[in-house]
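These are my notebook entries on one protein chain. I record here what I looked up, topic by topic.

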Amino acid sequence: MFGRRIALAGAALSVVGSALVGCSAPGAPSAPSAHRTAPSPTAAASPEPVLNGVIATGTFTSADGRTTGEVVLTAAGNTVTAALQSFTTPAVGRLELQLSPHPVDVTCAADSWSFVMNQDAGTPNTWTLPIAVPNGGPFDVDPTYLRTVIVRADADAGKPNVDGCVYPALAAARLDWNLAPSHTGLVVSDHGARDHATGAVTMADGRPSTYTVAPGDTLEAIESRFGLTADDFRYLNPFDGAVTTETLRYGTVFNLTPAHRGAPPS
């Protein structure tokens, strides 16, 4: 059984774990309004991508040039497998593989909000994750929000690092996806505060960027405020377990920008 855990940077990661690092949300909060204009329909969503065969690839780079190789993500049945090819590293011991929504060159990449893949017995350079799990997983929705694969030595976790990072990365690879995008043309607009959707909105380039949950908010009312379907909202917030809960937590920040999906706001 796979679960989702949100932890501060520096806490131990579970088989599927996550750690949060700061990501500044642009813009200033806008005041709630009594405006009740009916939402305009958003662009029709494309079907969720079919996960079958090779779905993504990447080439590792490291600061010292000593860890190199390729990573290939392959989907079959209910499992995504990550395999390292032509891989070399001076590191010894067990390796961890992480999938992150942050760019490949982010500082402390291995500390970021990510999914840690579980390793197959007897295959030191192969990891797997189930596509569908009871409490949600990285492939439950369009997974193209995952931008980076990080490989690190498990034995290095928590050791002092000159860069101040908790988990030093041996190398990172940008993921190149072979999947047709879904929810193309999704445009989010704020149609005004309403009952159970009175939280603060930040703006960027004239469009809503984030929404902060206010007391008494409901997911249905928030979706109505921004003219979004439930699938749209989960597409924009693929990491957030609160999207699927009946009671929203006050102060939770949701993403409203397609370009920032998967990146945890501060």
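Entry 1, the cysteine pair. Are cysteine 108 and cysteine 165 buried or exposed? I looked up both residues and found cysteine 108 buried, with cysteine 165 buried as well. I note at the outset that the model is predicted.

I then checked the bond itself. Cysteine 108 and cysteine 165 form a disulfide, with 1.8 Å between their sulfur atoms. The pair links distant parts of the chain, 57 residues apart. Cysteine 108 sits in the loop between strand E7 (95-100) and strand E8 (115-116), while cysteine 165 sits in the loop between strand E11 (148-153) and strand E12 (171-174). I read the torsion about the S-S bond of cysteine 108 and cysteine 165 as about -85°, so I entered the disulfide as left-handed. The count for the structure comes to one disulfide.

Entry 2, the chain as a whole. I looked up the secondary structure and recorded two helices and 16 strands in the protein chain. Of its 266 residues, 47% count as buried. I also took the contacts with a separation of 6 or more: residues 24 or more positions apart account for 64% of them. For the accessible surface of the protein chain I noted about 12300 Å². Carbon and sulfur atoms hold 55% of that surface.

Entry 3, salt bridges. How many salt bridges does the structure hold? I found four salt bridges, and I describe some of them below.

I started with aspartate 140, which forms a salt bridge with arginine 234, the closest N and O atoms being 3.6 Å apart. This pair links distant parts of the chain, 94 residues apart. Aspartate 140 lies in the loop between strand E10 (126-130) and E11, and arginine 234 lies in helix H2 (residues 230-236). Aspartate 140 is partly exposed, at a relative accessible area of 25%. Arginine 234 also counts as partly exposed, at 26% relative accessibility.

I next looked up aspartate 190, whose salt bridge is with arginine 225; the closest N and O atoms are 2.8 Å apart. Here too the pair links distant parts of the chain, with the two positions 35 residues apart. Aspartate 190 belongs to the loop between strand E13 (176-177) and E14, and arginine 225 belongs to helix H1 (residues 219-225). Is arginine 225 buried or exposed? I found arginine 225 buried, because its relative accessible area is 1% and the cut-off for buried is under 20%. Aspartate 190, at 29% relative accessibility, counts as partly exposed.

I then turned to arginine 174, which forms a salt bridge with aspartate 176, the closest N and O atoms being 2.9 Å apart. Arginine 174 counts as exposed, at 52% relative accessibility. Aspartate 176 is partly exposed, at 34%.

Entry 4, backbone angles. Which value does phi of serine 86 take? I noted phi near 50°, a positive value in a residue other than glycine. Serine 86 lies in strand E6 (residues 79-88) and is exposed, with a relative accessible area of 69%.

Aspartate 205 has phi near 55°, also positive in a residue other than glycine. I located aspartate 205 in the loop between strand E14 (201-204) and strand E15 (207-212). Aspartate 205 is exposed, with a relative accessible area of 83%.

Definitions and conventions. Residues are numbered from 1 along each chain as its sequence is written. This is a predicted model: local features need pLDDT of at least 70, side-chain atom pairs count only at pLDDT 80 or more; totals for chains, interfaces and linings use all residues. Side-chain values use heavy atoms; hydrogens and water are left out. Buried means under 20% relative accessible area, exposed over 50%, partly exposed in between (1.4 Å probe, protein chains only). Contact means heavy atoms within 4.5 Å. Accessible areas come from the Shrake-Rupley method with a 1.4 Å probe; for residues, only the protein chains shown count as cover. A disulfide is a pair of cysteine sulfur atoms within 2.5 Å. A salt bridge is a side-chain nitrogen of Lys or Arg within 4 Å of a carboxyl oxygen of Asp or Glu.
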